[in-house]
Amino acid sequence: MTTEATKSQYRIRNWREYNEALKQRGSLTFWIDDEVLDGWLNTTQTGKRGASATYSDLAIATMSTMGSVMHLRGRQTEGFMTSLFQLMGVTLPVPDHSTVSRRLGKLSIALPVVEGRGARHVVVDSTGIKVYGEGEWQVRQHGYSKRRTWRKLHLGVDEATGEILAAVVSTNNVSDDEAFGELMDSVEGEIEAVSADGAYDKRKCYDAIAERGAQAHIPPREDAQYWEAEGETHARNQVLQRIEAVGRTEWKRESGYHRRSLAETMMFRFKTIFGNTCSRRTFNNQAAELLLACAALNRMTHLGMPDSYVLDA
């Protein structure tokens, strides 16, 4: 007689607070507050020939963020914001969709991150975001094509808080280890450890982690060999020694490597909330669209996250 393994069941301790946080995510006053309205119009002059921009970068970012949160296209977002301002009695003009598209790729986007957390454990991963267009029709009609394209979203997530600390958008021909250095450079503050999957088992990744004075929790491939030139004290060689001593499963447990799955959880949250496609056509606009979505996801995280515990069997 065999018994099926049952999955662990969880219960949320802070359900009331988390329930309020979930409702607040859909609040229009949360996304469009007085600070946004006060900074809607551009008040600075460029000093160059021609008229200065009418709308601030904050206004352009808000328009794109509302489109992502509410799943609206460019013209729909324009109509939504126009009607919303009318209902609010706000006399501010709304940028048209072409203005938003023209300026979106030039925005400088910073992720909102709560400071003062001390040294962080960063978990790293990447996911593909589809670029919907004529390539999708070709795939439906004729199957997979080498010309089919997508964007890669590389994330560095705080293991303790679930915040996105750094995000990098690249084309699909950029490998995870190639984007890793830029990702590490974007993480501010002290880093205690970095967890990543086997795709980051490269010298450049270990070097980038060592430059930040952090521990590397990266599983070598099954047939991995020692890096003789680096010596026995190199972090990867020490991992191999430990795996030989206690086994791969025990090394993952004692190193906390399984916490890396939080990066996959973040990818799931991102695609569940914002979808898995880019609505913009140019790469710069697609990158800005994804980075603004990451910033919005951080704001949702700051509202409140579930505090759960495992139920006794």
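What follows is a tutorial dialogue on reading a few features of this predicted model.

Student: Let's start broad. How many helices and strands does the protein chain have?

Tutor: The protein chain has 13 helices and eight strands. Of its 313 residues, 42% are buried.

Student: And how do I read the contacts by sequence separation? What share comes from residues 24 or more positions apart?

Tutor: Take the contacts in the protein chain with a separation of 6 or more: 63% of them join residues 24 or more positions apart.

Student: Got a concrete pair for me? How far apart are the C-alpha atoms of Thr-301 and Glu-163?

Tutor: Those two C-alpha atoms are separated by 6.7 Å, though the residues are 138 apart along the chain. Thr-301 lies in helix H13. Leaving aside neighbours within four places in sequence, Thr-301 touches Thr-161, Gly-162 and Arg-269.

Student: Is Thr-301 buried or exposed?

Tutor: The cut-off for buried is under 20% relative accessible area. Thr-301 has 7%, so it counts as buried. Try Ser-64 in helix H4 (residues 57-70) as well: its relative accessibility is 4%, so Ser-64 is buried too.

Student: What does Ser-64 touch, beyond its neighbours within four places in sequence?

Tutor: Leu-104, Arg-280, Glu-289 and Leu-292.

Student: On to nonpolar cores. Which residues touch the most other members in the largest one?

Tutor: That core has 48 residues, and the ones touching the most other members are Ile-32, Met-81, Leu-153, Leu-155, Phe-270 and Phe-274. Helix H13 (residues 283-303) supplies the largest share, 11 residues. Zoom in on Met-81: setting aside neighbours within four places in sequence, Met-81 is in contact with Ile-32, Trp-40, Met-63, Met-66 and Val-94. There's another core apart from the largest one, with 22 residues, including Phe-180, Ile-191, Ala-196 and Trp-227.

Student: Last topic, helix packing. At what angle do H10 and H11 pack?

Tutor: H10 (residues 235-246) and H11 (residues 248-255) pack at about 120°, and their axes are 7 Å apart.

Student: Why are they called oblique?

Tutor: Angles of 65 to 115 degrees count as roughly perpendicular, and over 145 as roughly antiparallel. At about 120°, H10 and H11 are therefore oblique to each other. The crossing of H10 past H11 is right-handed.

Student: Which residues make that contact?

Tutor: From H10, it's Val-239, Arg-242, Ile-243 and Val-246; from H11, Arg-248, Glu-250, Trp-251 and Glu-254. Sort them by class and the contact of H10 with H11 has four nonpolar and four charged residues, with no polar ones.

Terms used: Residues numbered from 1 in each chain as written. Predicted model: local features only at pLDDT ≥ 70, side-chain atom pairs only at ≥ 80, totals over all residues. Heavy atoms only, no water. Axes fitted to C-alpha atoms, helices over the stretch in contact; angles between N-to-C directions. Helix = DSSP H or I, 4+ residues; strand = E, 2+ residues; numbered from the N terminus. Parallel < 35°, antiparallel > 145°, perpendicular 65-115°, else oblique. Left-handed = near helix turned anticlockwise from the far one by under 90°. Contact = heavy atoms within 4.5 Å. Nonpolar A, V, L, I, M, F, W, Y, C, P; charged D, E, K, R; others polar. Core = buried A, V, L, I, M, F, W, Y, C linked by side-chain atoms within 4.5 Å. Buried < 20%, exposed > 50% of the residue type's maximum accessible area, 1.4 Å probe, protein only.
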